[in-house]
Amino acid sequence: QVQLVESGGGLVQPGGSLRLSCVASGSIFRLYNMGWYRQAPGKQRELVAISGSGGSTNYADSVKGRFAISRDNANNTVYLQMNSLKPEDTAAYYCNAKVQHTIMTMVNDYWGRGTQVTVSS
């Protein structure tokens, strides 16, 4: 099994910044895509940003130019630097990872429990 633990959420004023972290631990042979999703009350979960194991990145249009995803492969960690935050960024942010447990196993999908980000004055 694999555990994903997020941290770094909180309350911030519009225009402010936050940095989210997600550490993966457990039975990990290889981490493929790691990413961040968010879900606001009454809305579906949506992609925020993804980081491929080879360094590729992809962002939702709504966060391009404001958010930056990065990863530390040696420590199985992915980060999300969020700048110029807006009230509409308020949501629970979830870490996602595609994990291969051993060289012989398939890739499995894991989620963290989420960290709340609230942007309000």
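## Asn76 and the β7–β8 hairpin

Asn76 is placed in the loop between β7 and β8. In this predicted model, Asn76 adopts a positive phi of about 50 degrees, although it is not a glycine. With a relative accessibility of 22%, Asn76 counts as partly exposed. The two strands that flank this loop form a hairpin with 4 residues between them, and Asn76 belongs to the turn.

β7 and strand β8 (residues 77–82) run antiparallel and are joined by 6 bridges. Among the bridge partners, Ile69 is matched with Leu80 in β8, and Ser70 with Tyr79 in β8.

## The open sheet

The hairpin strands belong to an open sheet of 4 strands, ordered β1-β3-β8-β7, with antiparallel pairing. β1 (2–7) and β7 (67–72) each have a single partner strand, so these two stand at the edges and one side of each is left without a neighbour in the sheet. From one strand to the next, the twist averages 15 degrees.

At one end of the order, β1 pairs with strand β3 (residues 18–26) in the antiparallel sense over 6 bridges; Ser7 has Ser21 in β3 as its bridge partner. β3 is in turn joined to β8 by 6 bridges, again running antiparallel, and Leu18 has Met82 in β8 as its bridge partner. β8 is mostly covered, with 5 of its 6 residues buried.

## The two faces of β7

In a regular strand, side chains alternate between the two faces of the sheet. β7 shows such an alternation: Phe67, Ile69 and Arg71 point to one face and are buried, whereas Ala68, Ser70 and Asp72 point to the other and are not.

Two of the buried β7 residues, Ile69 and Arg71, are in contact with Ser51. Ser51 is found in strand β5 (residues 46–51). Leaving aside neighbours within four places in sequence, the contacts of Ser51 also include Tyr32, Asn33, Met34 and Ser56. Ser51 has a relative accessible area of 2% and is therefore buried.

## Salt bridges around Asp89

The structure holds 5 salt bridges. One of them joins Arg38 to Asp89, with the closest N and O atoms 3.0 Å apart. This pair links distant parts of the chain, since Arg38 lies in strand β4 and Asp89 in the loop between β8 and β9, 51 residues apart. Both Arg38 and Asp89 are buried, the relative accessibility of Asp89 being 1%.

Asp89 also meets the side chain of Arg66 in a salt bridge (2.7 Å, N to O). Here too the pair links distant parts of the chain: Arg66 is in the loop between β6 (57–59) and β7, and 23 residues separate it from Asp89. Arg66 is buried, with a relative accessible area of 11%. Together, Arg38, Glu46, Arg66 and Asp89 are linked in a network of salt bridges.

## The β9–β10 pair

A further salt bridge connects Asp109 with Lys98, the closest N and O atoms being 2.7 Å apart. Asp109 lies in strand β10 and Lys98 in strand β9, so the pair ties together parts that are 11 residues apart in sequence. Asp109 counts as partly exposed at 40% relative accessibility, and Lys98 counts as partly exposed at 26%.

Between β9 (91–100) and β10 (107–111) runs the loop that holds Ile103. Ile103 is exposed, with a relative accessible area of 62%. With Phe29 and Met104, Ile103 makes a nonpolar surface patch of about 400 Å².

## Further residues of note

Ser84 lies in the loop between β8 and β9. Like Asn76, which has a positive phi of about 50 degrees, Ser84 has a positive phi of about 50 degrees although it is not a glycine. Ser84 is partly exposed, with a relative accessible area of 39%.

Trp36 is found in strand β4 (residues 30–39). At 0% relative accessibility, Trp36 counts as buried. The C-alpha atoms of Trp36 and Pro87 are separated by 18 Å, and the two residues are 51 residues apart along the chain.

Note on methods: Residues numbered from 1 in each chain as written. Predicted model: local features only at pLDDT ≥ 70, side-chain atom pairs only at ≥ 80, totals over all residues. Heavy atoms only, no water. Buried < 20%, exposed > 50% of the residue type's maximum accessible area, 1.4 Å probe, protein only. Contact = heavy atoms within 4.5 Å. Pairing = 2+ DSSP bridges. Axes fitted to C-alpha atoms, helices over the stretch in contact; angles between N-to-C directions. Patch = residues over 30% accessible without salt bridge, like charges linked within 9 Å, V, L, I, M, F, W, Y side chains within 5 Å. Areas by Shrake-Rupley, 256 points an atom, 1.4 Å probe, with all protein chains shown as cover. Salt bridge = Lys/Arg side-chain N within 4 Å of Asp/Glu carboxyl O.
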